[in-house]
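Colleague: I should be grateful for a close look at a single part of this model, set out step by step for a first-year student. Please show how that part relates to what surrounds it.

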Amino acid sequence: AQAKKIFQRRDLMANKGTFGRALSICGSRNMQGAAVLAASSTLRCGAGLVTAAFPDAAYSAIAPKLTESLLLPLPSNEAGTFSSGAIPALLEQAEKSSAVLVGCGLGLNLHTKGLVSALVQNCTKTMIIDADGINALAANIDILKNIKAPVILTPHPGEMSRLTGMSIADIERDRVNVARRFADEYGVVLLLKGASTVIAGAGRRDAYINVTGNQGMAKGGSGDMLSGIILALLAQGVYPLDAAVLGAYIHGAAGDAAARELSLSSMLASDCIAALPRVLRTLER
């Protein structure tokens, strides 16, 4: 039902504000591609306005590749990641946004840990936390119990191990129940990545298992693309659990489309983003 709502024929009187304002807080000097891939997939999935916030140390690498995004370069530290001086501007921009993504290519140090903590405790807009955003939470995970708006976490098994203290082997043996228990304990939507991605929501007895996608997507950048897709759906008003489920489906379907045209060995995350229009065309019919 949510897919039909989002991908129905667009109102002739709509404007860019109709389709939401997405804020992507991603990237660093050494991981500039994460910011580009996340923002690009958000744009391709229908968000009206996308603001890409990134450390100013990465400006020359990121800015030329994001011609359709609003750019928000902010103070960086000697490591080329966001410095703590970026936090006030990010909190201000988050309040102007419909949904927020933080973590892809963020880097992990005291500055980025403080940034993630400030967002989790103060942001009043639905937020996706991925990659280094998740790693930043691992030592202080109980702050999730004080969130002011819905949160989606998108860990791979290694990140899930850091969050829970469980071994990767134990997580993989019981993916559905591990995801359900975590979602319930912390009141979040949990998307556990893997060959059969599991999506669980707090208070739900069931869980969703995604069936699209392929092994050619097991490459750097795939997670950044997934987070960007979910961000676009949230910005357009899809409920958090539905956005995670639909986002996983679209992500995998784009990967399947890329594999048909290229090969499992050579396909890249950017190829999957290029395939998004073909996937969304089928949903718009």
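Modeller: Helix α11 covers residues 240–261, and its length can be checked by simple reasoning. At 1.5 Å a residue, its 22 residues should span 32 Å, and the C-alpha atoms at its two ends are 32 Å apart, which agrees. Please bear in mind that this is a predicted model. Helix α11 is also mostly covered, since 16 of its 22 residues are buried; a residue counts as buried when its relative accessible area is under 20%.

Helix α11 also takes part in the lining of the largest pocket, as do α7 (157–164) and α10 (222–235); these are the elements that give two or more residues to that lining. The largest share, 4 residues, comes from α10. The pocket itself holds about 520 Å³ of space. It is lined by 25 residues, and those closest to its centre are K193, G194, T197, M217 and H251. Rolling a probe the size of a water molecule over the atoms shows where empty space is left.

One of these central residues, G194, leads to the sheet. G194 lies in the turn of a hairpin formed by β7 and β8, where 5 residues stand between the two strands, and it has a positive phi of about 155°. The two strands run antiparallel and are joined by 4 bridges, with V189 opposite G201 in β8. Strand β7 (189–192) sends V189 and L191 one way and L190 and L192 the other way, yet all four are buried. With β6, strand β7 pairs in the parallel sense over 2 bridges, and L190 is the bridge partner of L153.

These strands belong to an open sheet of 9 strands with mixed pairing, in the order β3-β2-β1-β4-β5-β6-β7-β8-β9. Strands β3 (70–74) and β9 (208–209) stand at the edges with a single partner strand each, so one side of each is left without a neighbour in the sheet. Elsewhere in the sheet, β4 (residues 99–102) and β5 (residues 126–129) run parallel and are joined by 4 bridges, and A99 stands opposite T126.

Two helices lie across parts of this sheet. Helix α9 (residues 175–186) lies across β6, β7, β8 and β9, running at about 30° to β8. Helix α4 (residues 87–95) lies across β1, β2, β3 and β4, and it runs at about 155° to β1.

Technical notes. Residues are numbered from 1 along each chain as its sequence is written. This is a predicted model: local features need pLDDT of at least 70, side-chain atom pairs count only at pLDDT 80 or more; totals for chains, interfaces and linings use all residues. Side-chain values use heavy atoms; hydrogens and water are left out. Two strands pair if DSSP finds at least two bridges between them. Contact means heavy atoms within 4.5 Å. Axes are lines fitted to C-alpha atoms, for helices over the stretch in contact, and angles run from 0 to 180 degrees between N-to-C directions. Buried means under 20% relative accessible area, exposed over 50%, partly exposed in between (1.4 Å probe, protein chains only). The expected span of a helix is 1.5 Å times one less than its number of residues. On a 1 Å grid over the protein atoms alone, a cavity is a set of points where a 1.4 Å probe fits but cannot get out, and a pocket is an open set with protein on both sides within 12 Å along at least five of seven lines; lining residues have an atom within 4 Å of a point. Grid points are joined across faces, edges and corners, and a volume is the space filled by probe spheres set on the points.
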